[in-house]
Amino acid sequence: MRVLRASALTLAVGYISLGLAALALFAAPLWFAWRVTIQDGRREILGADATRLAEVFRREGAAGLVSFMNARVGMQIAGERLLLLADAQLQPMAGNLRAWPSSVPPTPGTYTIKADLGRGLTDVALVHSVLNGGYHLLVGRDTARLEPLERRFWYALASAVAILSVLGTAGGILVRRLLMARIHGIRATVSTIIQSDLSQRLHTDRSADELNTLSQTINGMLDQTEQLVHGIRNVSNAIAHDLRTPLAELRSRLEELALTRPSPQQTFAEIDAAVADVDRVISIFNALLRLAEIDSGLRRSGFVPIDMADIAAAAVEFYQPAAELKNIQLSFESGGPASIRGDPVLLAQALGNLIDNALKYTPDNGAITVAVRGEVERGVEVLVADSGAGIPDADKPKVVERFYRGDASRGTPGVGLGLSLVEAVARLHGSSLVLEDNRPGLRARILLAQDTLQITRAARGDDPADERGALRHEPVYP
Amino acid sequence: MKVLLVEDNERVTQFVLKGLQEAGHTADHAASGREGMFLAASEPYDVIIMDRMLPGDIDGLAIVEALRRSGKRTPILILSALSDVDERIRGLRAGGDDYLTKPFAFGELLARLDALTRRAQGEGAQTKLEVADLRVDLLTRKVTRGSRSIVLQPREFKLLEYLMRHADQVVTRTMLLENVWDYHFDPQTNVVDVHISKLRQKIDADFERPLLRTVRNAGYTLTAHDDRGAR
């Protein structure tokens with residue numbers, strides 16, 4: 001919360017400072033241009049004035065200039081213009097200044113001084129020229145005329161700053177209020193969800209603003225969490241159920257042994273059967289642990305470049321004798337580059353499970369095809385197709401659920417985790433298990449992402465095995 | 001064979017010690033990592049069984065590593081409740097020679113101990129394997145029984161080679177899966193049995209004395225002696 005509050009405040013302050021900076025950037029050149037233009041214009045006017053007076057002096061001499069200036073001073077309005085003619089000793093001879101201003105040095109040039117023109121001290125711009133015979137001529141202009149304009153400029157700037165600050169602060173507070181209100185809403189909903197009501201969802205609308213998208217993302221996460229929790233509940237029930245059967249058998253077996261005390265030979269036979277019961281329980285646990293291990297995603301660290309066709313060929317070879325027993329034709333097809341990055345052990349197990357499944361549900365004299373094709377939809381397609389009974393469409397999503405066993409599988413061995421494992425392995429490799437109709441039979445498809453890195457290497461003629469050595473998790477399965 | 005068992009669980013200890021004794025082996029027991037380390041360093045053993053979870057949260061792997069660092073080459077079988085393939089790899093990297101997950105069948109343990117001690121005695125650079133009148137030439141990859149030549153598929157050859165290298169020992173299905181097919185998982189079916197019966201068809205079917213025998217509740221053994229085969 002504190003972070004958020006701080007962030008809302010920082011946001012407001014940031015916007016205000018940004019506005020002020022923009023204003024300053026806008027006003028500064030304006031101010032500069034204004035100053036330069038005014039000063040230049042003024043200097044030009046003063047220069048022209050001085051030239052005209054110098055012309056009068058040249059034509060009519062000092063006396064002429066004095067009378068000319070006196071005439072001018074007499075006509076002048078409010079003393080906004082400043083004139084002064086002084087002799088070589090800087091003693092005033094004519095003009096509207098009573099004395100030579102002390103701040104003006106006796107050398108020609110342009111100066112700005114403070115002078116009293118009858119309305120208090122004001123800034124005065126002066127042009128000082130020295131005429132023939134040592135006469136000093138001062139022509140100046142009071143700058144006070146422009147002061148109101150300047151003042152207005154500053155006032156306008158100040159009010160702009162004030163308005164910006166007020167609006168910015170108010171906007172910041174408002175935005176924060178709105179933001180906090182919505183975040184409080186989200187927090188309240190999330191709190192109820194934490195208190196175990198997983199069916200609650202955050203309010204969302206169609207807008208594309210960030211909080212809405214965030215809420216939608218959180219809702220998506222909640223959907224998945226709810227589904228997982230449901231899944232876990234179902235799985236726990238299923239585990240309990242599936243474990244109860246062998247445990248019940250084991251219990252009755254042992255109880256009967258204790259009650260009837262049969263001959264040693266029979267006792268040992270029963271004990272062997274009991275061990276088999278326990279093995280069944282253990283195998284269920286092993287399968288579950290394996291699934292948990294895959295689901296954790298930790299195995300991804302052990303991904304190495306592999307050729308899926310090699311793995312499939314080995315699996316087909318492994319299951320071939322079992323197929324022969326049922327007189328099932330188990331064939332293998334491959335085409336295109338089948339290099340992927342993956343976990344060879346898991347992929348072999350997944351493929352084994354698919355073939356095993358196909359063998360279980362394909363009647364004698366049937367056919368099973370295992371195919372690995374590169375460059376299918378820019379990936380590597382792994383396919384196991386059989387000519388068995390297939391799976392009704394309605395059941396297809398269910399078969400990958402943990403412990404689901406279809407009607408057809410009653411009486412066959414297995415714990416109903418085989419396809420779950422295939423699905424989990426596919427998911428670990430960023431894919432999914434797709435079950436299709438083979439008319440007749442089932443087609444199980446997994447589309448794995450091609451290892452493009454390795455293909456380019458192969459094209460360059462590099463040995464892809466080099467990369468194995470460089471991997472941190474070297475694939476050692478001795 | 002002289003075995004050192006480093007294991008803190010009493011039940012497992014009794015189970016293993018009794019089994020080893022019945023199989024005619026002598027065994028010492030250490031209940032803690034320190035004791036195990038001491039015994040392993042001072043006594044000559046043929047094989048060491050090392051549990052991973054030892055009292056005081058000591059990982060058996062640390063002891064295995066320490067032993068290997070000190071130059072001990074005794075074969076070590078690591079026992080563990082951790083079944084992940086990655087854990088297995090860690091165990092073997094630490095210097096273990098084999099890895100078995102709990103719970104295990106005693107037959108499986110014994111078969112693996114046998115395999116380890118034989119391996120340690122050195123199979124050397126053998127090029128010919130022989131069990132009774134069954135001969136395998138590893139260089140020419142020719143298989144003969146008596147005077148008859150037998151044609152095997154490459155995988156059948158590998159299976160037979162493994163069985164011959166472990167002649168007179170019990171070899172479990174898991175050991176075959178791991179060593180012949182490199183499959184470190186349970187395929188949930190009896191495919192190994194089918195492979196064995198196919199091999200048996202080829203090497204035993206037409207001969208009076210069967211060599212490849214099934215050991216109940218354990219696995220298989222390839223032997224010329226009639227007394228093996230049922231434990």
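Helices α4(A) and α8(A) run roughly parallel to each other, a label for angles under 35 degrees, with over 145 called roughly antiparallel, 65 to 115 roughly perpendicular and the rest oblique. Their packing angle is about 15 degrees, and the axes sit 9 Å apart; here axes are lines fitted to C-alpha atoms over the stretch in contact, and angles run from 0 to 180 degrees between N-to-C directions. Helices are DSSP runs of H or I with at least four residues, strands are E runs of at least two, and both are numbered from the N terminus.

Before going further, some ground rules. This is a predicted model, where local features need pLDDT of at least 70 and side-chain atom pairs count only at pLDDT 80 or more, while totals for chains, interfaces and linings use all residues. Residues are numbered from 1 along each chain as its sequence is written, and chains are lettered from A and ligands numbered from 1 in the order in which they are written.

Back to the helix pair. On the α4(A) side you'll find A287(A), R290(A), L291(A), I294(A) and D295(A), which meet S420(A), L421(A), A424(A), V425(A) and L428(A) of α8(A); contact takes C-beta atoms, placed from the backbone, within 7 Å. That set splits into seven nonpolar, one polar and two charged residues, counting Ala, Val, Leu, Ile, Met, Phe, Trp, Tyr, Cys and Pro as nonpolar, Asp, Glu, Lys and Arg as charged, and the others, Gly among them, as polar.

Now α8(A) itself, residues 418-428: 10 of its 11 residues are buried, meaning 20 or more other C-beta atoms within 10 Å of their own (12 or fewer is exposed, in between is partly exposed). Its cover includes α4, α6, α7, β11 and β12 of chain A. Just after the helix comes G430(A), with a positive phi near 70 degrees.

Helix α4 also turns up where the chains touch. Chains A and B give 22 residues each to that contact, and α4, α5 and α6 of chain A each supply two or more on the A side. That side holds 12 nonpolar, six polar and four charged residues. For the complex, the predictor reports an ipTM of 0.75 and a pTM of 0.59.

Over in chain B, look at L67(B) in helix α3 (residues 60-69). L67(B) counts as buried because 21 other C-beta atoms lie within 10 Å. Beyond its neighbours within four places in sequence, L67(B) is in contact with A40(B) and K72(B). M37(B) is 30 residues away from L67(B) in sequence, yet 7.4 Å away in space, C-alpha to C-alpha.

Methods
Contact = placed C-beta atoms within 7 Å.
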